[in-house]
Amino acid sequence: MAGKKRCAYVPPAPAPASDADADANTEVAQQPERCKSRAVAFAGDCSLCEASFCSQHRYPEHHDCPNREAYLKLGQERFANKLMGEQTVARKIVAV
Ligand SMILES: [Zn+2]
Ligand SMILES: [Zn+2]
């Protein structure tokens with residue numbers, strides 16, 4: 001039984017404050033707030049980093065996916081091949 005999944009998106013940590021006024025607020029300010037939305041079943045799963053996200057963050061570019069660059073470099077060709085394969089399969093189904 002999978003429980004309710006939360007969106008795995010964590011915003012990037014804020015830039016470190018300058019030393020001048022860092023002392024007072026450092027501990028409170030450092031914690032980036034996570035997305036509070038519920039992850040979308042299936043469609044919210046990122047195929048690149050295998051985390052689950054809400055509808056807003058499910059695309060790699062929207063959750064700053066750690067695997068996005070590798071995907072852009074290596075994945076496009078493979079993805080294009082995959083799409084072409086799916087089209088071929090679809091055509092066969094239609095033909096039959
Ligand atoms: Zn989210
Ligand atoms: Zn991802």
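## Loop, core and helix in a predicted model

Phenylalanine 42 sits in the loop between α1 (19-29) and α2. The model is predicted. Although phenylalanine 42 is not a glycine, its phi is positive, at about 60°. The residue is exposed, because just 7 other C-beta atoms lie within 10 Å and a residue with 12 or fewer counts as exposed.

Aspartate 64 belongs to the loop between α1 and α2 as well. Its phi is near 55°, a positive value in a residue other than glycine. Aspartate 64 has 13 C-beta neighbours inside 10 Å and therefore counts as partly exposed, a class that lies between the exposed limit of 12 or fewer and the buried limit of 20 or more.

### Overall make-up

The chain holds two helices and zero strands. Of its 96 residues, 12% count as buried. Among contacts with a separation of 6 or more, 34% join residues 24 or more positions apart.

The UniProt record, an unreviewed entry, carries the annotation "domain: AN1-type" for residues 33-70. In the model, this span is 8% helix and 0% strand. The C-alpha atoms at the two ends of residues 33-70 lie 27 Å apart.

### The nonpolar core

Seven residues form the largest nonpolar core: Cys7, Tyr9, Ala39, Cys46, Phe53, Cys54 and Cys65. In soluble globular proteins, nonpolar side chains tend to be buried together.

Cysteine 7, one of these core residues, is placed in the segment before α1. Cysteine 7 is buried because 22 other C-beta atoms lie within 10 Å, and the class begins at 20. Leaving out residues up to four places away in sequence, cysteine 7 touches Cys35, Ser37, Arg38, Ala39, Phe53, Cys54 and His57. Three of the residues on that list, Ala39, Phe53 and Cys54, also belong to the core. The C-alpha atoms of cysteine 7 and arginine 58 are 8.6 Å apart, with their positions 51 residues apart in sequence counted as the separation.

Tyrosine 9 is another member of the core. Its contacts, leaving aside neighbours within four places in sequence, are Arg34, Cys35, Phe53, His57 and His63. Cys35, Phe53 and His57 appear in the contact lists of both cysteine 7 and tyrosine 9.

### From the loop into α2

Glutamate 50 is located in the loop between α1 and α2. Glutamate 50 counts as exposed because it has 9 C-beta neighbours inside 10 Å. Proline 66 is found in that loop too. Proline 66 is exposed, with 12 other C-beta atoms within 10 Å; this count still qualifies because the exposed class takes in 12 or fewer.

Alanine 70 lies in helix α2, which covers residues 68-95. Alanine 70 is also the last residue of the annotated span 33-70 in the UniProt record. With 11 other C-beta atoms within 10 Å, alanine 70 is exposed.

Each of these three residues has a C-alpha distance to a residue elsewhere in the chain, as listed here.

| Residue | Partner | Sequence separation | C-alpha distance |
|---|---|---|---|
| Glutamate 50 | Asparagine 67 | 17 residues | 9.8 Å |
| Proline 66 | Cysteine 49 | 17 residues | 6.8 Å |
| Alanine 70 | Leucine 48 | 22 residues | 9.1 Å |

Methods
Residues numbered from 1 in each chain as written. Chains lettered and ligands numbered in written order. Predicted model: local features only at pLDDT ≥ 70, side-chain atom pairs only at ≥ 80, totals over all residues. Helix = DSSP H or I, 4+ residues; strand = E, 2+ residues; numbered from the N terminus. Core = buried A, V, L, I, M, F, W, Y, C linked by C-beta atoms within 7 Å. Contact = placed C-beta atoms within 7 Å. UniProt positions renumbered as here; feature names shortened; annotations may be inferred.
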